2 protein chains.
Amino acid sequence: MSDGLARSSRPAGSAAVSIDLVLVTYRDRRLHVRAESGVNKKGLMLPWGTPARGEALDAGAARIARRTLGATPAWIEQVGAFADASAHPGGSSLSVCYAGLVPWTESELWRDAQSLTMLGGRQRRMVTATLAALRARLEQAPVVFSLLSREFTLSELQQAYETLLVRRLHKASFRRALQAAFLVQPTGEWRSEGRGRPAQLYRYAPRKRKNTRRGVRLDQL
Amino acid sequence: MSDGLARSSRPAGSAAVSIDLVLVTYRDRRLHVRAESGVNKKGLMLPWGTPARGEALDAGAARIARRTLGATPAWIEQVGAFADASAHPGGSSLSVCYAGLVPWTESELWRDAQSLTMLGGRQRRMVTATLAALRARLEQAPVVFSLLSREFTLSELQQAYETLLVRRLHKASFRRALQAAFLVQPTGEWRSEGRGRPAQLYRYAPRKRKNTRRGVRLDQL
DNA sequence: GACATTAGTCTCAATCTGAGACTTATTCGC
DNA sequence: GCGAATAAGTCTCAGATTGAGACTAATGTC
């Protein structure tokens with residue numbers, strides 16, 4: 001039973017619609033999500049808005065993202081529609097959730113993705129669904145590269161993958177796969193991060209390569 | 001610019017919402033989608049409905065699927081929300097699309113998934129998105145098994161995979177992978193399909209097995 | 001009974017993978 | 001300045017995985 005739908009005085013099939021964003025960034029082995037304090041200072045809420053007249057959903061999501069971040073996310077994609085009983089900060093009964101990925105920028109508004117218990121039920125579910133969707137999409141779209149700044153070290157890249165996958169990867173294998181996929185290009189510059197040998201900087205620069213279609217994987221079913 | 005939204009006289013952010021189903025089945029190396037003739041006998045339309053008061057989206061989709069098929073689909077999952085300018089048979093401005101998978105049953109209403117040009121623009125996009133989503137989900141959820149009847153031969157199973165992936169698979173490799181994944185169980189019965197050696201019948205019966213986590217695949221990026 | 005047809009199996013070479021050790025380059029503590 | 005600590009980047013190797021293609025098995029057709 002959807003409180004939102006029941007509460008409204010609209011005809012059945014008509015609903016107050018919101019567009020909600022899960023803006024994700026990565027830093028230091030942690031994912032962060034943009035959230036600010038809620039309507040009446042109680043709890044937190046995700047950035048959200050309402051589709052303008054005649055505005056497509058994607059365009060609306062991009063607009064709200066720009067309003068929130070001051071820039072368009074490196075990657076944005078719809079996660080799905082959510083309409084459960086739990087309340088929405090704007091009182092909408094149906095929310096279309098979008099994931100937006102951006103490189104880290106300094107801000108108070110990033111919250112650790114783990115500790116988002118202060119979100120409302122619907123928005124909390126959206127965060128969970130978004131993170132699951134990102135993990136599932138990892139191998140099909142440049143999700144991880146959208147989370148990093150334009151130049152990054154291979155260790156950073158690997159750590160970002162490890163964070164999203166919640167498991168460790170083998171260094172040599174990871175780099176071998178990366179090399180075989182022609183995904184990155186060294187910039188020629190190096191970054192010295194405190195102690196240890198300086199790391200080569202890379203840039204995401206995917207190049208065409210022959211389609212290596214392999215058999216189906218059935219082991220996750 | 002969304003005609004649907006612009007046309008309506010509702011306040012911004014309020015929209016007529018529909019739930020649209022892409023009911024998919026498989027037979028004989030072909031995918032089929034349920035569609036019937038449209039509102040004024042013009043063109044085709046997907047089964048759709050309107051969320052009931054206080055009804056969750058998933059529940060609504062299941063209800064419409066039952067109404068259409070007389071039974072609950074083997075698998076049902078949301079594909080996403082669609083709200084573009086193109087018209088919807090019910091005039092809704094926002095449609096939440098669900099994919100529903102069922103084994104083949106004889107009916108006039110199945111249309112070849114390729115030749116659905118007579119659908120409206122929005123619903124045509126939904127079909128495309130659904131098929132893409134199914135292909136992407138193939139390795140994470142028992143998509144293919146939901147398309148087949150309870151008992152099937154391994155050749156049928158492989159052909160269904162080949163249809164969804166739009167490429168051939170190697171017989172021995174496919175069976176090896178299947179065996180390693182402990183996904184199916186022979187029923188002990190055999191089916192003689194005209195000429196050729198009879199095939200053993202199998203049933204989908206996934207068994208627990210140790211998590212074989214492999215490195216990331218980067219070659220699809 | 002020969003042949004076409006489909007199911008199911010087997011072998012083998014090539015490729016891919018993960019473990020772990022190894023080399024290189026830098027900072028830190030003294 | 002020097003050795004230890006630390007992190008980047010490379011290498012080797014054995015074992016697992018893969019695809020090609022041949023091979024055997026069981027059935028219907030002529």
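A strand here is a DSSP run of E of at least two residues, numbered from the N terminus. By that rule, F152(B) sits in strand β9 of chain B. The model is predicted. Chains A and B meet in a contact that takes 52 residues from each of them. DNA strand C has 23 residues around it, and DNA strand D also has 23.

**Chain A overall**

- Chain A holds 6 helices and 11 strands.
- Its C-alpha atoms fill a box of roughly 65 × 45 × 30 Å along the principal axes.
- Of its 221 residues, 37% count as buried.
- Take the contacts in chain A between residues at least 6 apart in sequence: 66% of them join residues at least 24 apart.

**Two domains in chain A**

- Domain 1 of chain A covers 3-137, and domain 2 covers 143-220.
- Their C-alpha centres lie 28 Å apart.
- At the contact between them, domain 1 gives 13 residues and domain 2 gives 10.
- On the domain 1 side, β1 (14-27), β2 (30-34) and α3 (121-137) of chain A each supply at least two residues.
- That side of domain 1 has 8 nonpolar, 1 polar and 4 charged residues.

**Helix α3 in both chains**

- In chain A, α3 has 17 residues.
- From first C-alpha to last, α3(A) reaches 24 Å, close to the 24 Å expected at 1.5 Å a residue.
- The buried residues in α3(A) are R122(A), Q123(A), M126(A), V127(A), T130(A), L131(A) and L134(A).
- An α-helix has 3.6 residues a turn, so residues three or four places apart point the same way.
- In chain B, R125(B) lies in helix α3, residues 121-137.
- R125(B) counts as partly exposed because it has 16 C-beta neighbours inside 10 Å, and a residue needs 20 or more to be buried.
- R125(B) and D84(B) are 41 residues apart along the chain, and their C-alpha atoms are separated by 9.9 Å.

**Where the chains meet**

- The contact takes 52 residues from chain B and 52 residues from chain A.
- On the chain B side, α1 (3-7), β1 (14-27), β6 (75-82), β7 (94-101) and α6 each supply at least two residues.
- The largest share of that side comes from α6(B), with 6 residues.
- By class, the chain B side has 29 nonpolar, 14 polar and 9 charged residues.
- Strands β1(A) and β1(B) pair in the antiparallel sense, over 3 bridges.
- S14(A) stands opposite A16(B), a residue of β1(B).

**Around DNA strand C**

- The closest residues to DNA strand C are S155(B), A172(B), G196(B), Q200(B) and G215(B).
- Both chains take part: α6 (171-180) of chain A, plus α5 (154-165), α6 (171-181) and β11 (199-204) of chain B, each supply at least two residues of the nearby surface.
- This surface has 6 nonpolar, 10 polar and 7 charged residues.

**Around DNA strand D**

- S155(A), A172(A), G196(A), Q200(A) and G215(A) come nearest to DNA strand D.
- Here chain A gives two or more residues from each of α5 (154-165), α6 and β11 (199-204), and chain B does so from α6.
- The surface near DNA strand D divides into 6 nonpolar, 10 polar and 7 charged residues.

**Helix α5 and strand β9 of chain B**

- The 12 residues of α5(B) should span 16 Å at 1.5 Å a residue, and the end C-alpha atoms are indeed 16 Å apart.
- E156(B), L157(B), Q159(B), A160(B), Y161(B) and L164(B) are buried in α5(B).
- The buried residues of α5(B) pack against β1, α3, α4 (143-147) and β9 (151-153) of chain B.
- After α5(B) comes V166(B), with a positive phi near 55°.
- In β9, F152(B) counts as buried because 23 other C-beta atoms lie within 10 Å.
- Beyond its neighbours within four places in sequence, F152(B) is in contact with L157(B), L201(B) and Y202(B).
- F152(B) and A15(B) are 137 residues apart in sequence, and their C-alpha atoms are 44 Å apart in space.

Conventions: Residues are numbered from 1 along each chain as its sequence is written. Chains are lettered from A and ligands numbered from 1 in the order in which they are written. This is a predicted model: local features need pLDDT of at least 70, side-chain atom pairs count only at pLDDT 80 or more; totals for chains, interfaces and linings use all residues. A residue is near a molecule or strand if its C-beta atom, placed from the backbone, lies within 6 Å of it. Helices (H or I, at least four residues) and strands (E, at least two) are DSSP runs, numbered from the N terminus. Ala, Val, Leu, Ile, Met, Phe, Trp, Tyr, Cys and Pro count as nonpolar, Asp, Glu, Lys and Arg as charged, and the others, Gly among them, as polar. Domain bounds come from an automatic or database domain assignment. Two residues are in contact if their C-beta atoms, placed from the backbone, lie within 7 Å. Two strands pair if DSSP finds at least two bridges between them. The expected span of a helix is 1.5 Å times one less than its number of residues. A residue is buried if 20 or more other C-beta atoms lie within 10 Å of its own, exposed if 12 or fewer, and partly exposed in between; C-beta atoms are placed from the backbone.
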